[in-house]
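Subject: Structure for your review

Dear colleague,

Please find below the sequence and structure that I am handing over to you. I should be grateful if you would read the notes that follow with the structure open beside them.

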Amino acid sequence: PGMKITALRAIPLYGNTPDGGWTHDFDPANNLHTLIEVVTDEGVTGIGSAFTSGALVEGALKLLRPWCLGESAIEPERVSEKLRQMAFWQGRGGSVEHAISGIDIALWDILGKATGQPVARLLGGYYRQKIKPYGSILFDDPPRLRETLQSVTARGFKAIKMGWRPFGRVSRQLDELLVKTARETVGPDVELMVDAGGSEQFWPHGYKWAIETARMLADYAITWFEEALPPDDLEGYLKLREHAPLPIASGEVFTRRQAFMPWIERNALDIFQPDCTKCGGLSEARRIAWMCADHNALWVPHGWNTAVGLAADLALTAAVPVARYVEYLTPSPYIEEIITTPFSLDADGLLTIPTTPGLGIEIDPDGLAKYSDVKLTR
């Protein structure tokens, strides 16, 4: 009995994809984000987001559809776990898990709409009404970095994370100049985080570079040091976390809770950063977040994605005691322009967590039409 899934649709976003810093010939026309719409037999639809191209999501949906159609649309945890279990031979992480993530988020959205409850309450309740977003930007040459930082603080952000090129890719002197420039630009009252981007292709640095850099960053009161090493260097991270004078963060590329478990159990990081549009959706991110809470680690969702991903992160940051921040890619048309009521920061630089049914956002068909040739069902 109850609501059934009748269709799964991929809605790829094109035309204004933000530069992630991974390649030196980035094209904003690339498609790296795909919304997933789940349609039900009772007219209720849900929307999710996957940090993966439309082509890969379409391939995954072709695999997953037979296990979804006719399934309950209001049992997200069971249905997404069923998909994970059924796809073991062709999935077990990667793009298939990214697609499951988008389906899971959409199912939570449906459950919220069907029960008239916000997803935050369904995930466990409101430990907080507001959360601090950090504006996420890429490093640049000092004069351009200064301009970017000024534009982010002008939009009301009280925390900013800087990442990737040219940090760690030129010289120690430049690294320090970038951080010094940033601290001088924003002053002592704006939090700064640094993301080396150690998951980039052929990352050249190991523990010795990371520990020296960590000491330099601590001198500038950096809040955390992210992805200082390649993402699979568990032993390196264990050493770095033990000896670095500031918190160490990583985890954005992992999929499935099982990938996080050895890291959490061994206390390899101060801050874990699963991305709910990749790691398995809200169901999986919630399990990971509670594991972090139980091991006295901080959980900060990675969110270089869309308004749907941000809404999902906000719901979970409400419902997890050890949440303190949410990532906010800024500026990004896929966040600001595809929903009817954009997110806004208050005078203290905080975001209010939605309290309306489902994810608490509504997709604007006209905004969506600028970035996708696929329309919503309704």
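The notes below cover the nonpolar cores, two helix pairs, one buried helix and several individual residues. Please bear in mind throughout that this is a predicted model.

**Nonpolar cores**

The largest nonpolar core has 107 residues, and the members that touch the most others are Met-162, Phe-167, Phe-225, Leu-240, Phe-343 and Leu-359. Helix α11 (residues 307-319) supplies the largest share of this core, namely 10 residues. Another core, of 25 residues, lies apart from it and includes Ala-10, Leu-61, Leu-64 and Leu-83. As general background, nonpolar side chains in soluble globular proteins tend to be buried together.

Phe-167 merits a closer look. Leaving aside neighbours within four places in sequence, Phe-167 is in contact with the aromatic residues Phe-139, Trp-203, Trp-209 and Phe-225, and also with Asp-175, Leu-178, Val-179, Val-194, Ala-196, Thr-213 and Leu-217.

**Helix α1 and its two partners**

Helix α1 (residues 54-68) and helix α2 (residues 76-86) have axes that come within 10 Å and cross at roughly 125°. The pair is therefore classed as oblique. The crossing of α1 with α2 is right-handed. On the α1 side, the residues involved are Leu-64, Trp-67 and Cys-68, and they meet Lys-82, Leu-83 and Met-86 of α2. By class, this contact comprises 5 nonpolar residues, 1 charged residue and no polar ones.

The second partner is helix α3 (residues 94-115), whose axis comes within 9 Å of that of α1, with a crossing angle of roughly 65°. This crossing, too, is right-handed. From α1, Leu-56, Ala-60, Leu-61, Leu-63, Leu-64 and Cys-68 meet Ser-95, Val-96, Ala-99, Ile-100 and Ile-103 in α3. The contact of α1 with α3 has 10 nonpolar residues, 1 polar residue and no charged ones. Leu-64 and Cys-68 thus appear in the contact with α2 and again in the contact with α3. In general, an α-helix has 3.6 residues a turn, so residues three or four places apart point the same way.

**Helix α8**

Which residues of helix α8 (residues 234-243) are buried? They are Leu-234, Gly-236, Tyr-237, Leu-238 and Leu-240. Their cover includes α7 (207-219), β8 (248-250) and α9 (257-265). Leu-240 is also among the residues that touch the most other members of the largest core.

**Two cis peptide bonds**

The peptide bond from Arg-165 to Pro-166 is cis, with omega near -10°. Pro-166 sits in the loop between β5 (159-163) and α6 (172-186). Is Pro-166 buried or exposed? Its relative accessible area is 16%, under the 20% limit, so Pro-166 counts as buried. Beyond its neighbours within four places in sequence, Pro-166 is in contact with Phe-139, Asp-140, Leu-174, Asp-175 and Leu-178. Of these, Phe-139, Asp-175 and Leu-178 are also contacts of Phe-167. Pro-166 and Asp-141 are 25 residues apart along the chain, and their C-alpha atoms are separated by 7.6 Å.

A cis peptide bond is also found from Thr-330 to Pro-331, again with omega near -10°. Pro-331 belongs to the loop between β11 (325-329) and α12 (333-336).

**Other loop residues**

Tyr-126 lies in the loop between α4 (119-122) and β4 (130-138). With a relative accessible area of 19%, Tyr-126 is buried. Not counting residues up to four places away in sequence, Tyr-126 touches Pro-118, Ala-120, Arg-121, Ala-318, Ile-353, Pro-354 and Thr-355. The C-alpha atoms of Tyr-126 and Phe-343 are separated by 18 Å, the two residues being 217 apart along the chain.

Two residues other than glycine have a positive phi. Phe-202 has a phi near 50° and is found in the loop between β6 (191-195) and α7. Its relative accessible area is 82%, so Phe-202 is exposed. Asn-267, with a phi of about 55°, lies in the loop between α9 and β9 (271-272). Asn-267 is partly exposed, with a relative accessible area of 34%.

Yours sincerely

Notes:
Residues numbered from 1 in each chain as written. Predicted model: local features only at pLDDT ≥ 70, side-chain atom pairs only at ≥ 80, totals over all residues. Heavy atoms only, no water. Axes fitted to C-alpha atoms, helices over the stretch in contact; angles between N-to-C directions. Helix = DSSP H or I, 4+ residues; strand = E, 2+ residues; numbered from the N terminus. Parallel < 35°, antiparallel > 145°, perpendicular 65-115°, else oblique. Left-handed = near helix turned anticlockwise from the far one by under 90°. Contact = heavy atoms within 4.5 Å. Nonpolar A, V, L, I, M, F, W, Y, C, P; charged D, E, K, R; others polar. Buried < 20%, exposed > 50% of the residue type's maximum accessible area, 1.4 Å probe, protein only. Core = buried A, V, L, I, M, F, W, Y, C linked by side-chain atoms within 4.5 Å.
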